[in-house]
Structures are given as structure tokens and as C-alpha cells.
Amino acid sequence: MVAGPNDWSRIAPDRCVYSEKPDDVLGKIAAQIQTKFQQLPVSPGNLVMQPSPHTLRGAETNFYVEATEQAFTVDMLGQSVSIVARPVQYTWNYGDGTSLGPQTAAGAPLPQERWGEKTATSHVYTETGDFSVVLTTHFQGTYSVNGGPPLPIPGQGQFGSPPQTVSVWRSITRNYADDCLRNPQGQGCPGVVAPAP
């Protein structure tokens with residue numbers, strides 16, 4: 001049996017969607033696309049901390065994410081649907097009860113000599129201990145059916161990176177009047193036990 005002209009729905013000059021009720025197919029795909037988008041195996045990105053895995057109480061710890069645009073092809077209601085996910089916003093949960101975002105800044109790496117500088121995504125821990133840092137990356141998506149024009153996916157897909165632990169330590173500074181050559185028994189010299197903090 002040959003399909004008649006009423007059985008096809010044109011979505012581009014040279015492409016069609018075939019179904020008994022083609023308008024229903026496109027509408028159903030549009031209604032389901034947000035759920036399908038959230039179910040995709042989107043890589044949320046790589047969370048990076050500087051310094052890591054240890055930082056100091058009261059110092060700026062730089063956080064940033066390495067996230068990329070990703071493309072997927074899925075079958076929906078017998079149609080080939082191409083989906084593109086693009087990272088657009090980030091929410092940082094620093095594990096100490098504070099968070100940042102959602103915001104568009106992904107952060108960026110700092111050279112080691114600049115560690116401790118304030119950045120758009122850095123954080124200062126006021127207590128010592130181990131903290132679990134969680135990043136949520138918000139992706140905006142587009143989809144196309146059978147190679148048709150890209151259409152926006154309403155809302156955003158949110159994907160969390162695996163938690164990473166940062167250990168926050170405290171630093172102790174002591175000043176000494178002479179060196180170990182003049183006073184081999186002085187604090188900080190080899191074999192001399194430091195006083196308790």
C-alpha cells in the first residue's frame with residue numbers, strides 16, 4: 001500500500017515525517033522532549049579545585065569546571081531526533097552550607113603562583129575539616145526531527161558532577177630570632193619538637 005499525500009508532514013524542503021497522524025507525532029515529540037533531554041547521559045563536566053585536595057582556612061580556593069557541548073541521536077516515536085546539549089550555567093555547592101549560582105561563569109584555572117587570588121567562582125572556608133563539593137551544570141538544548149530545523153528545548157537539563165572532597169587545614173606561623181647554626185636547639189631546628197598549637 002502506498003502512502004497518500006495526507007499521510008506525510010513536511011518539516012523541511014526535502015524531509016518529511018510519516019505517520020498515520022503526522023501532526024500528532026511532532027506534537028508528542030515536543031511534549032516529551034524535555035523529559036528525554038533530562039534522561040540523556042550528558043557528562044556534567046570535570047570539577048577542578050586549586051589547590052587540591054587540601055586548602056587553607058581563610059584563603060581563596062579556586063573552583064572551575066571543564067564542560068563541553070554534546071550531541072546525541074535518539075529514536076522517539078519511530079523518528080530520528082538529534083539533540084544538542086550546551087552548558088550555559090553552573091551552581092556550586094561548597095559543602096559548608098554556602099552555594100553560588102546559577103551563574104554563567106564556569107571559572108578558569110590559575111597558574112600556581114596566583115593560587116589564593118579571588119576569582120568569580122572561588123570560595124573561602126572559615127572552618128577546618130573535610131567538605132564535599134558538588135557542581136550542577138545547567139544545559140540548554142535544541143532538537144531536530146529527521147534532519148529538520150533545530151528547535152529549542154524548553155527549560156534546562158541539570159546534571160550533577162560526582163562530589164569531590166576538599167580538606168581545609170589551618171596554617172600556623174612562627175617567627176624566630178636566630179637560625180639553627182647559632183642556636184641548634186631553637187624551635188624549628190632539626191630534632192627539636194615544636195610546641196603544641
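Visitor: What does Cys180 count as at 31% relative accessibility?

Guide: The general idea is a three-way split: buried means under 20% relative accessible area, exposed means over 50%, and partly exposed lies in between, using a 1.4 Å probe and protein chains only. At 31%, Cys180 therefore counts as partly exposed. One caution before we go on: this is a predicted model, where local features need pLDDT of at least 70 and side-chain atom pairs count only at pLDDT 80 or more, while totals for chains, interfaces and linings use all residues. As for bookkeeping, residues are numbered from 1 along each chain as its sequence is written, and side-chain values use heavy atoms, with hydrogens and water left out.

Visitor: Which residue does Cys180 pair with in a disulfide?

Guide: Look for a pair of cysteine sulfur atoms within 2.5 Å, which is what a disulfide means here. Cys180 is joined to Cys189, with an S to S distance of 2.0 Å. By this rule, the count is one disulfide. Cys189 is buried, at a relative accessible area of 5%, while Cys180 is partly exposed.

Visitor: Why is the disulfide of Cys180 and Cys189 left-handed?

Guide: Check the torsion about the S-S bond: for Cys180 and Cys189 it is about -105°, so the disulfide is left-handed.

Visitor: OK, zooming out. How many helices and strands does the protein chain have?

Guide: Both are DSSP runs numbered from the N terminus: helices are H or I over at least four residues, strands are E over at least two. The protein chain has one helix and 13 strands. Along the sequence, the pattern reads β-β-α-β-β-β-β-β-β-β-β-β-β-β. Of the 197 residues, 35% count as buried.

Visitor: Which residues touch the most other members in the largest nonpolar core?

Guide: A nonpolar core is a set of buried Ala, Val, Leu, Ile, Met, Phe, Trp, Tyr and Cys residues joined through side-chain atoms within 4.5 Å. The largest one has 17 residues, and Val81, Ile83 and Tyr143 touch the most other members. At least two residues each come from α1 (22-39), β6 (70-76), β7 (79-93) and β10 (129-145). The largest share, four residues, is supplied by α1. There's also a second, separate core of 14 residues, and Met49, Tyr94, Leu135 and Val168 are among them.

Visitor: What does Tyr143 touch, not counting residues up to four places away in sequence?

Guide: Contact just means heavy atoms within 4.5 Å. Outside that sequence window, Tyr143 touches Ile29, Ala30, Ile33, Val81, Ser82, Ile83, Pro149, Pro150, Leu151, Pro152 and Ile153. For the chain in general, take the contacts with a separation of 6 or more: 63% of them are between residues 24 or more positions apart.

Visitor: Now to His123. Which side chains does the side chain of His123 reach through polar contacts?

Guide: A polar contact is a pair of N or O atoms within 3.5 Å; within protein, one must be able to donate a hydrogen and the other to accept it, and residues adjacent in sequence count only if both atoms are side-chain atoms. The His123 side chain has such a contact with the side chain of Asp96 at 2.8 Å, and another with the side chain of Thr98 at 3.3 Å. His123 sits in strand β9 (residues 123-124) and counts as buried, at 11% relative accessibility. Beyond four places in sequence, the residues in contact with His123 include Ala59, Glu60, Phe63 and Tyr94.

Visitor: Where should I look for backbone oddities?

Guide: Most residues other than glycine have a negative phi, and most peptide bonds are trans. Here, the bond joining Gln50 and Pro51 is cis, with omega about -5°. The Ser52 to Pro53 bond is cis too, with omega near 0°. Pro51 is in the loop between β3 (46-50) and β4 (54-56), and Pro53 is in the loop between β3 and β4 as well.

Visitor: And what is the phi of Leu77?

Guide: Leu77 has a positive phi, near 55°. Leu77 lies in the loop between β6 and β7 and is partly exposed at 41%. Asn146 also has a positive phi near 55°, and Asn146 is in the loop between β10 and β11 (151-152).
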